[in-house]
Amino acid sequence: MKKSLLAALCGVLTACASPDVQQYQKSEPKLDLVQYFVGSTDAWGMFQKRSGEVVKRFHVEITGTQNQGKLVLDERFKYDDGTTQQRIWTLVQQADGSWRGTADDVKGVAIGKISGNALNWQYTMLLPVDGKTYEVQFDDWMFLIDNKSMMNRASMQKFGFELGQVTLFFKKRD
């Protein structure tokens with residue numbers, strides 16, 4: 001009994017572990033956030049419950065500007081149910097190459113690390129559901145495919161248990 005409980009606990013802890021972004025160090029093309037996001041970008045995405053059921057689809061129009069060392073991403077969401085949302089990220093690169101990001105619906109600061117073609121963000125989002133707001137942890141991975149295309153997959157967790165996944169495809173406009 002004790003061995004099975006210990007094995008289950010180890011399995012849960014291992015499932016929460018994320019790969020190290022450094023493993024993508026040699027992957028190309030190299031991701032430069034400013035170069036990719038300054039200008040106009042479109043994204044299409046969906047949210048899936050942990051069962052795999054798609055419960056929400058959306059399109060995002062992103063306008064990126066750089067001003068006084070800050071990368072500002074104005075994201076305008078349109079969901080398949082007709083609702084809309086705006087999120088404005090303010091991103092600042094740190095001396096060690098990492099990124100710090102803030103947005104109105106992010107608690108504290110998002111921490112981002114880039115290596116090669118990959119970016120990993122860790123943050124807590126304030127997620128409104130049925131009149132209540134929940135703090136949900138994101139393990140958010142972005143992978144540059146080519147100079148105009150990027151894939152994004154984020155795991156949403158609460159108390160260490162996965163709630164679902166957000167998947168996006170970005171396409172930089174000409």
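Strands S2 (residues 54-67) and S3 (residues 70-79) pair up antiparallel through ten bridges, pairing here requiring at least two DSSP bridges between the strands. The model is a predicted one, so to speak of local features takes a pLDDT of at least 70 and side-chain atom pairs count only at pLDDT 80 or more, while totals for chains, interfaces and linings use all residues. Numbering starts from 1 along each chain as its sequence is written, and side-chain values use heavy atoms, with hydrogens and water left out.

Within that first pairing, Ile62 has Glu75 of S3 as its bridge partner. Two residues separate S2 from S3 in their hairpin, and Gln68 in the turn shows a positive phi of about 50 degrees. S3 also runs antiparallel to S4 (residues 84-93), joined by nine bridges, with Phe77 partnered by Gln85 in S4. This hairpin has four residues between the strands, and Gly82 takes the positive phi, near 90 degrees.

As for the overall layout, the protein chain has two helices and ten strands, taken as DSSP runs (helices H or I, at least four residues; strands E, at least two) numbered from the N terminus. Both helices come before the strands.

Turning to packing, 37% of the 174 residues are buried, meaning under 20% relative accessible area with a 1.4 Å probe, protein chains only. The largest nonpolar core (buried Ala, Val, Leu, Ile, Met, Phe, Trp, Tyr and Cys joined through side-chain atoms within 4.5 Å) has 34 residues, of which Leu33, Phe37, Trp121 and Phe170 touch the most other members. Beyond four places in sequence, Phe37 has contacts (heavy atoms within 4.5 Å) including Ile62, Leu71, Leu73 and Phe170.

Conventions
Buried < 20%, exposed > 50% of the residue type's maximum accessible area, 1.4 Å probe, protein only.
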